[in-house]
Amino acid sequence: MGGFFSRHDPDDVFAYNTIKLITIRDRYLGILHHLCQLIIFGYIFVIVIFVNLNFLDKQQAYGAVKLSLQDPVSVSPTPDYCSPAPSHTLPQKLPCIFNDREKGIQGQGNLFLTTHLTMTEYRTNCTSTDLLCETSTPTLVSGPNEYFLQDVENHKVVIDHSPISADLSVSLTGNLAGDLQHQTKGNLGEMIWGTYNNIRFNSLAADVISVKDILGAMDMNLEGVANSYLTSNQSELVSYRYYGFISLFMVNYDNTDFSLYWKNVRSRTEDMTYQYRPYALLKVDDFIDDVVYLEYPSHYIKVQRRGIRMQAQVTGTLGSFKFQTLLIQLTTALALMRVATVMVDMFAIYVLPRKALYKGAKYDRTEDFSDIYAAKKQKEDEEKEAKTKE
C-alpha cells in the first residue's frame, strides 16, 4: 500500500484559495449590489453615527444632590386624617401638629420627611454622677402620644444638584433643562418614563417641587394600605402615612440626545438635560428614634419619627467626542460595505436560475503547476539532448 502522497497529488493537498476580481456585467445584479451598499451606508453613517451619536465616548454620570424641605406658604383646612380622637382602624386618624423641629431631616443625599410622630415621656432616678443610668428603671410619665404631621403634601422639596462624568471630562458648563417624570405603560405593555403633569425646569437655580407632585409621580397615596404583605388582620393594617416608606429619587442626566447634541454643536454650548424619576420602595418602612432631654439625665422624651425617606441617586449618560471612537465606527463601516458584495455573490451563485454561469465565472481552478514545471523541464532536457547530437 502506497503512502498518502502516492495517492494524493501534493499540489491538490496544499492548494489554497485566493481572491480573484471579476466584473459581473449584469445590470440587475449591479443594481442590487449598489442598493445593498446604499442601505448599509445609510445605516452606518445616518443611523449609527449621525442619529445614535456612536462616535461619542459615553460614560456613567455621577454628581452631587442636595435635598432640603421648605414649609408651605399657607396651611390648608384640617384634613380628613386629623382628628382629636385617635382611630387606628383604616382610615386612620390621629391628632395633627404642624411644626416639628425636625420634620425634615437632611442627610448625605437624602431627606427624611416625618409623617407620623410618637412621643413617650419618662423619668428616672439618674443623677449627673450616674450618666449611664445602669441601676435606674425608667418610669412612664405619659404616652405614647401619637400625631400626624399636618399638610405634609403641601411642603416643598428643594433640589440642588450638579453632574460630572466618570473620567471628569464632562461637567456642567452650560444650561440645564429638566422635568419631573413618572412611569406609564406603553403600547406593548412596557413601562416607559414620561413628563408628569407638565412639570418642567429650565434654570441653573435649585428646583422646587411639592411633596404632593412627587407622590403623584410615584402613583403614591399616603392613605393606602402599607403592611398588607405582612398581615391580613384588618385591625393591624396601617396606612403609609402611619408606617412610612423609602423613595428612591433618581436624577438622570443626559447630553447624548440627538437634537440636543447637534444644537450644542451649532451654538457651541454644553447644555444637558436631566429627569427626576422618583420610585417608591413600598415594602421597606423607615423610622428614626431619638431622645429629647427635658432635664438631663433624669427626665426625657423618646421620639419615634416615621415617614418618607427620599434617597437621591445620580444616573444617566454623559458623552464627549473621541476621535478613536469615531475611527472604530468608520472601520466597522468599511468592513460592512463588503457584506453587500458577499450577499449579492451568494444570491447569484445559489439562487438565480443561471447560477451555474455565475459560479463558473466567479470560481476558477488553475492547472497543476507541478505538471507544468515537469513538462517545461522535459522540454528543456530534450532541447539540450538535440543540441548535443548535433
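How many cavities of 30 Å³ or more does a search of the whole structure find? One. This tour will take you there, and to a few other stops. Keep in mind that the model is predicted.

**Start with the whole chain**

Show the protein chain as a cartoon. Nine helices and 13 strands should appear. The chain has 390 residues, and 38% of them are buried. Now switch on contacts between residues at least 6 apart in sequence. Of these, 73% join residues at least 24 apart. Next, turn on the surface. The accessible area is about 24,500 Å², with 55% of it belonging to carbon and sulfur atoms.

**Stop 1: the cavity**

Select Leu113, Val211, Ile214, Leu215, Met218, Ser247, Ile308 and Met310. Together they line the largest cavity. The space inside comes to about 40 Å³. Colour the lining by residue type: seven are nonpolar, one is polar and none is charged. Then highlight helix H4, residues 211–217, and strand S13, residues 299–321; each supplies at least two residues of this lining. H4 gives the most, with three.

**Stop 2: along S13 to its partner**

Stay with S13 and add strand S12, residues 287–295. The two strands pair in the antiparallel sense over eight bridges. They form a hairpin, with three residues between them. For one of the bridges, pick Phe287; its partner in S13 is Arg306.

**Stop 3: Thr115**

Select Thr115, in strand S4, which runs over residues 110–123. Is Thr115 buried or exposed? Thr115 counts as buried because its relative accessible area is 0%, below the 20% cut-off. Now show what surrounds Thr115. Leaving out residues up to four places away in sequence, it touches Tyr147, Phe148, Leu149, Val152, Tyr240, Arg241, Arg306, Gly307 and Ile308. Two of these names have come up before: Arg306 is the bridge partner of Phe287, and Ile308 helps to line the largest cavity.

**Stop 4: two cis peptide bonds**

Go to Leu90 and Pro91. The peptide bond from Leu90 to Pro91 is cis, with omega near -5°. Pro91 sits in the loop between strand S1 (56–70) and strand S2 (96–97). Then move to Gly143 and Pro144. The bond from Gly143 to Pro144 is cis too, with omega near 0°. Pro144 belongs to strand S5, residues 139–149.

**Stop 5: two positive phi values**

From S5, step on to Asp151, in the loop between S5 and strand S6 (156–165). Asp151 is not a glycine, yet its phi is positive, about 65°. Its relative accessible area is 3%, so Asp151 is buried. Now select Leu53, in the loop between H3 and S1. What is the phi of Leu53 near? The value is near 55°, positive in a residue other than glycine. Leu53 is buried as well, with a relative accessible area of 0%.

**Last stop: the largest pocket**

Select Thr18, Ile19, Lys20, Lys362 and Tyr363. Of the 36 residues that line the largest pocket, these are the closest to its centre. The pocket holds about 1,400 Å³ of space. Now highlight four helices: H2 (10–13), H3 (27–51), H7 (323–350) and H8 (355–362). Each supplies at least two lining residues. Which helix gives the largest share, eight residues? That is H7. Finish by colouring this lining by type. It divides into 17 nonpolar, seven polar and twelve charged residues.

Methods
Residues are numbered from 1 along each chain as its sequence is written. This is a predicted model: local features need pLDDT of at least 70, side-chain atom pairs count only at pLDDT 80 or more; totals for chains, interfaces and linings use all residues. Side-chain values use heavy atoms; hydrogens and water are left out. Buried means under 20% relative accessible area, exposed over 50%, partly exposed in between (1.4 Å probe, protein chains only). Contact means heavy atoms within 4.5 Å. Accessible areas come from the Shrake-Rupley method with a 1.4 Å probe; for residues, only the protein chains shown count as cover. On a 1 Å grid over the protein atoms alone, a cavity is a set of points where a 1.4 Å probe fits but cannot get out, and a pocket is an open set with protein on both sides within 12 Å along at least five of seven lines; lining residues have an atom within 4 Å of a point. Grid points are joined across faces, edges and corners, and a volume is the space filled by probe spheres set on the points. Ala, Val, Leu, Ile, Met, Phe, Trp, Tyr, Cys and Pro count as nonpolar, Asp, Glu, Lys and Arg as charged, and the others, Gly among them, as polar. Two strands pair if DSSP finds at least two bridges between them.
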